[in-house]
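Biologist: Please show me the model, and then I will ask about its surface and its helix packing.

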Amino acid sequence: MTALDTMKAKDGVDQETVDAVQSVEKYKYGFSTDIEMDFAPKGVNEDIVRLISSKNEEPEWMTEWRLQAFRRWQQMDEPDWAMVHYPEIDFQDIYYYAKPKSMLVKPKSLDEVDPKLLATYEKLGIPLKEQMILAGIEGAGDTPAEGRKVAVDAVFDSVSIGTTFKDELAKAGVIFCSISEAIREHPELVKKYLGSVVPQSDNYYATLNSAVFSDGSFVYIPEGTKCPMELSTYFRINAENTGQFERTLIIADKGSYVSYLEGCTAPKRDTNQLHAAVVELVIMEDAEIKYSTVQNWFPGDENGKGGIYNFVTKRADCRGDRAKVMWTQVETGSAVTWKYPSCILRGDDSSGEFYSIAIANNYQQADTGTKMVHLGKNTKSRIVSKGISAGRAQNTYRGLVSMHPKAKNSRNYTQCDSLLIGDKCGAHTVPYIEVRNNSSRVEHEATTSKVDDEQLFYCRQRGIDEEAALALIVNGFAKEVLQSLPMEFAMEAQALVAISLEGSVG
Amino acid sequence: MLKIENLQVKLEEEDKQILKGLSLTVPSGEVHAIMGPNGSGKSTMSYVLSGKGGYEVTGGSATLDGVDLLAMEPEERAAAGLFLAFQYPVEIPGVGNMTFLRTAVNSQRKSRGEDEMSAAEFLKVIRAKAKSLKIDAEMLKRPVNVGFSGGEKKRNEILQMAMLEPKMCVLDETDSGLDVDAMKLVAEGVNALRDGKRSFLVITHYQRLLDHIKPDVVHIMADGRIIKSGGPELALEVENNGYADLLAEVA
């Protein structure tokens with residue numbers, strides 16, 4: 001897989017040293033699984049769209065919906081306003097559908113799933129067995145380890161492998177399944193909400209996604225229900241030259257609540273891979289969704305070779321009064337990120353929050369932020385963005401706060417901090433603020449700082465090595481955001497911060 | 001035992017020699033003080049011993065219990081038992097004082113091949129030590145040195161020293177910027193750590209700190225080397241007459 005695998009110990013270099021070097025795997029999810037796949041031919045056209053639709057056994061209306069999107073997409077141009085640079089993508093040189101062969105006949109339960117697939121997830125540390133996840137929490141405010149259930153939907157390349165705790169969730173009336181299953185089993189819900197937050201024609205990548213999305217997760221929380229456990233989806237890109245287009249749709253009906261976690265990884269490859277997802281959240285009156293992402297797609301190597309192009313459209317629509325949504329994202333992976341999880345605050349007194357840590361190291365480029373669109377009265381939004389740049393990376397915060405004429409007495413608070421490590425990286429802040437009424441208030445604070453040598457030396461004098469010191473300082477910088485993550489994700493995110501910054505000092 | 005022999009150091013960036021053959025020995029269990037006019041190289045010595053970047057050692061050696069300090073990374077020197085109480089402790093926003101110290105304690109233990117201290121044990125020890133230094137539990141939760149007063153910062157340095165239990169403590173003008181009461185408190189903290197084995201090198205401009213931390217030996221440093229060593233009375237002499245006479249003696 002890497003050059004090191006075949007490295008022979010040179011004279012004078014003992015095997016121990018070689019082993020030690022090999023064990024310092026920077027991106028520990030970089031393995032690939034050798035699995036027989038069923039691919040659709042490369043490229044995209046109406047036949048491919050129809051093929052994907054038929055592979056998913058979709059009804060006619062869904063096929064039509066996809067085709068409509070595809071026709072639209074053909075007339076659109078790739079956006080170029082973001083502060084990211086990459087070679088032109090040949091959209092005809094990508095596989096749009098890849099499915100493990102063992103999944104051709106749908107397994108009835110997780111017990112029937114190819115053990116190789118299950119092993120992949122096990123290696124990633126993702127529990128596909130219905131077991132309690134024990135979060136042994138370290139730290140000064142020690143609490144005893146507590147058992148927590150998290151239901152998982154695992155998406156491997158283009159298909160959902162399986163969803164855990166389905167029965168238990170069904171008892172509470174919660175629907176948690178793959179979107180392809182939802183299209184078949186719950187067409188009325190999908191028809192009503194799909195594309196209602198991110199319309200088919202929203203933007204280039206969202207439109208492409210609408211045409212070719214292969215799978216993703218679907219969640220419906222019925223009125224007045226607090227989802228009995230955290231829900232989570234783990235996306236894994238495995239096959240080479242394959243685009244991943246997943247679609248997530250979450251509906252929180254009146255007075256309901258759900259916390260949703262999303263994680264993603266991919267093998268190390270020299271070539272770039274495209275990931276263009278769409279996430280739609282619908283939040284009704286008095287309902288609340290917390291959506292947390294730890295994005296750890298392969299970022300490319302230290303010379304900028306390979307890595308995922310991550311062009312994602314995420315939007316939440318607070319349709320009812322007092323609806324609440326909170327986006328939390330930890331962005332450490334991807335070669336190029338283009339992502340703005342947004343909140344449409346339509347209902348009166350609704351609120352949106354966005355907490356983000358974006359780390360870019362080596363040659364990574366991130367252009368990320370949020371949009372807070374205040375439409376209803378007394379709506380509130382809060383943005384806390386922490387951008388960390390190291391190596392030769394470029395990190396841009398791009399955010400829009402828009403107060404519409406009817407959004408009387410609305411408020412926004414934005415805090416946007418950038419941290420620079422080294423002198424070859426860049427941080428950029430591009431806030432757009434539109435206020436079209438005179439009773440709303442918008443606050444924007446921004447800072448840029450550098451990890452200074454004095455701080456690093458102080459830590460090292462106390463016995464903390466340089467990389468650990470840097471991780472400590474950066475985690476301190478991003479603390480507010482880490483605190484908003486669910487416990488087990490926070491631990492993972494902290495560790496990820498340390499891994500992502502390896503090699504950025506010294 | 002700290003042994004510095006004929007240490008010669010220049011700035012990395014410019015051709016400026018700062019330490020010009022510094023020799024000094026602090027046997028275990030002893031407290032030595034270093035006094036000297038501004039620019040004599042006192043702080044440079046503390047930075048070079050602890051491994052701060054920006055200096056180039058052009059000659060001589062520095063060992064702690066026979067181990068070559070200069071060949072090690074800063075964190076290795078710390079684990080070997082060297083502690084520097086900074087003149088200006090830095091702020092680390094967002095990192096809790098307690099988290100910082102526990103990371104430090106366990107990093108050192110780990111590199112010495114010892115077991116890590118459990119959270120519960122750590123909490124117990126730090127609470128007891130903080131109490132004896134009159135450090136408020138609230139201060140332990142605040143981010144490292146952020147918003148601390150001058151006195152709090154110095155007390156925090158002493159607390160770190162108490163937790164890390166070094167063999168050799170270098171205090172770089174720990175008394176600067178402290179009022180009399182704060183200085184006394186810091187001195188008490190240091191005295192509490194004197195156990196007959198631990199050594200101290202106290203850099204100071206003022207004799208008054210040495211009223212509280214009684215040194216075994218006082219060294220006078222000027223122009224990058226020790227020009228005179230003696231008992232505590234040497235500090236009094238400096239206090240009364242300044243450095244002019246001493247400098248004239250060696251000139």
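Biologist: How much area does chain A expose, and what share of it do carbon and sulfur atoms supply?

Modeller: This is a predicted model, in which local features need pLDDT of at least 70, side-chain atom pairs count only at pLDDT 80 or more, and totals for chains, interfaces and linings use all residues. Residues are numbered from 1 along each chain as written, chains are lettered from A and ligands numbered from 1 in written order, and side-chain values use heavy atoms, without hydrogens and water. By the Shrake-Rupley method with a 1.4 Å probe, chain A exposes about 20,200 Å². The share from carbon and sulfur atoms is 48%.

Biologist: What percentage of the residues in chain A is buried?

Modeller: Buried means under 20% relative accessible area, with a 1.4 Å probe and protein chains only. Chain A has 506 residues, and the buried part is 59%.

Biologist: How are H9(A) and H10(A) oriented to each other, and why?

Modeller: Helices are DSSP runs of H or I with at least four residues, numbered from the N terminus. The axes, lines fitted to C-alpha atoms over the stretch in contact, with angles from 0 to 180 degrees between N-to-C directions, come within 9 Å for H9 (residues 453–461) and H10 (residues 466–477) of chain A and cross at roughly 120°. Angles under 35 degrees count as roughly parallel, over 145 as roughly antiparallel, 65 to 115 as roughly perpendicular and the rest as oblique. H9(A) and H10(A) are therefore oblique.

Biologist: Which residues of H10(A) does H9(A) meet?

Modeller: Contact means heavy atoms within 4.5 Å. From H9(A), the residues involved are A:Gln455, A:Leu456, A:Cys459 and A:Arg460. Their partners in H10(A) are A:Glu466, A:Ala469, A:Leu470 and A:Ile473.

Technical notes
Buried < 20%, exposed > 50% of the residue type's maximum accessible area, 1.4 Å probe, protein only. Helix = DSSP H or I, 4+ residues; strand = E, 2+ residues; numbered from the N terminus.
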